[in-house]
Amino acid sequence: MTRQAGIRQTGVGRVLAGLLLAASAGIPTHAGDLDGAVSDPIVLGPERYSKDVSAFYLGFSAGYGSGGTDQFGLATNAGTFPIGKLDLSGAYGGIRGGWRGVLPARGGRDYVYGFEIGYDFASLDDSVTTQIGTTTVQGGSEISDVLSLRFKNGLTNPSGSVLYFVTVGFVQGEIETTNSLSSGGTTQSFASDDRRNGFVASIGAEHQLNDNWSVTGEFEYVQFQSKVVDFGSGFSTKSTPSYQGIRVGLNYKF
């Protein structure tokens with residue numbers, strides 16, 4: 001009896017071991033299963049400029065300019081008289097649009113380049129007054145309605161969300177130059193308007209907010225060509241308006 005019980009226990013043990021082996025073979029081993037489907041984790045990050053290798057955009061911007069010095073002198077038949085230094089200042093703002101392309105650069109950065117056209121409704125002006133003998137002489141200048149065409153290029157940061165750029169380009173603006181002479185209760189006023197060409201250069205940064213929107217900030221310098229303005233009656237002056245300013249803006253990419 002004892003031998004038979006032992007034989008039965010051994011047989012039962014073998015059956016249980018076989019069941020356990022079969023069960024363990026049917027259980028998937030996720031940690032070491034190289035053939036199983038593995039899904040990559042979702043990674044959230046900032047938008048990259050290289051997401052679109054070519055894109056158009058529209059935007060608007062506003063700024064404040066000052067610091068442009070223009071020495072106003074009045075030339076007459078009796079000689080040239082220094083009137084004073086003009087420091088044109090004021091606010092400006094307008095619309096802009098452009099196209100940009102993207103090329104890969106070293107260090108995970110992107111090289112961004114393109115062209116931008118803009119139009120600013122500006123009003124930067126100043127005037128000076130001095131006394132020459134018994135005559136009060138006033139001279140002034142104003143910049144308005146500035147059209148610009150710029151080449152814009154730069155490099156992004158390694159994450160591709162911020163672009164550090166420089167621009168150079170052509171500007172054309174409305175320049176008004178004024179002069180008045182007051183003596184003995186009588187005032188003579190002169191004014192001359194003309195559209196004048198010039199150049200612009202700037203340095204700044206643009207940050208991608210999402211797929212479509214970005215914000216910009218830049219420091220710019222604008223210089224218009226020098227010109228002799230003839231008021232008539234033997235009076236003239238040499239006008240060389242300029243300014244430097246801080247501009248901020250918002251762009252929408254299509």
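**View 1. Aromatic pairs, with Phe190 and Phe231 picked out.** Rings of Phe, Tyr and Trp (the six-membered one for Trp) count as a pair if their centres lie within 6.5 Å; planes under 30 degrees apart are called stacked, those over 60 edge-to-face, and the rest tilted. By that yardstick, this predicted model holds 10 aromatic pairs. One of them is Phe190 with Phe231, where the ring centres sit 6.0 Å apart and the planes make an angle of 40°, so the pair goes down as tilted. Phe190 belongs to strand β7 and Phe231 to strand β9 (residues 227-232), so this contact between rings ties together parts that are 41 residues apart in sequence.

**View 2. The hairpin of β5 and β6.** Here β5 and β6 run antiparallel, with 19 bridges joining them. To find your place along the ladder, look for Leu147: its bridge partner in β6 is Gln172. Five residues sit between the two strands of this hairpin, and Gly160 in the turn takes a positive phi of about 80°.

**View 3. Around Gln138.** Staying with β5, we zoom in on Gln138, which has its place in that strand. Leaving out residues up to four places away in sequence, Gln138 touches Ser127, Val128 and Thr129, plus Thr178, Asn179 and Ser180. Leu181 is worth a look too: 43 residues separate Leu181 from Gln138 along the chain, yet their C-alpha atoms are 6.6 Å apart.

**View 4. β6 meets β7.** Strand β6 covers residues 162-183 and strand β7 residues 186-208; the two pair in the antiparallel sense over 22 bridges. Phe170 stands opposite Phe199 of β7. The strands make a hairpin with two residues between them, and Gly184, in the turn, has a positive phi of about 60°.

**View 5. From β7 on to β8.** On we go to strand β8 (residues 213-224), which pairs with β7 in the antiparallel sense over 11 bridges. Four residues carry the chain through the hairpin that joins the two strands. A handy landmark is Gly204, which stands opposite Glu218 in β8.

**View 6. The second largest cavity.** The structure holds three cavities of 30 Å³ or more, and this close-up goes inside the second largest, which has about 90 Å³ of space. Its lining is made by 13 residues; Arg96, Glu116, Gly118, Arg150 and Arg247 are the ones nearest the centre. The elements giving two or more residues to that lining are β2 (79-104), β3 (110-122) and β5 (135-156). The largest share, five residues, comes from β3. What is the mix of nonpolar, polar and charged residues in the lining of this cavity? Three are nonpolar, four are polar and six are charged.

**View 7. Where the confidence goes up and down.** The chain has a mean pLDDT of 85, and 80% of its residues reach 70 or more. Which elements have the lowest and the highest mean pLDDT? Helix α1 (residues 2-26) is the lowest at 44, while β8 tops the list at 98. Over residues 19-34 the pLDDT is below 50, and in the model this stretch has zero contacts beyond near neighbours in sequence. Residues 40-45 also have pLDDT below 50, again with zero contacts beyond near neighbours in sequence. Where pLDDT is low, predicted coordinates should not be read in detail.

Key
Residues numbered from 1 in each chain as written. Predicted model: local features only at pLDDT ≥ 70, side-chain atom pairs only at ≥ 80, totals over all residues. Heavy atoms only, no water. Pairing = 2+ DSSP bridges. pLDDT = per-residue confidence, 0-100. Contact = heavy atoms within 4.5 Å. 1 Å grid on protein atoms, 1.4 Å probe; cavity = no way out; pocket = protein on both sides within 12 Å on 5 of 7 lines; lining within 4 Å. Points joined across faces, edges and corners; volume = space filled by probe spheres on them. Nonpolar A, V, L, I, M, F, W, Y, C, P; charged D, E, K, R; others polar.
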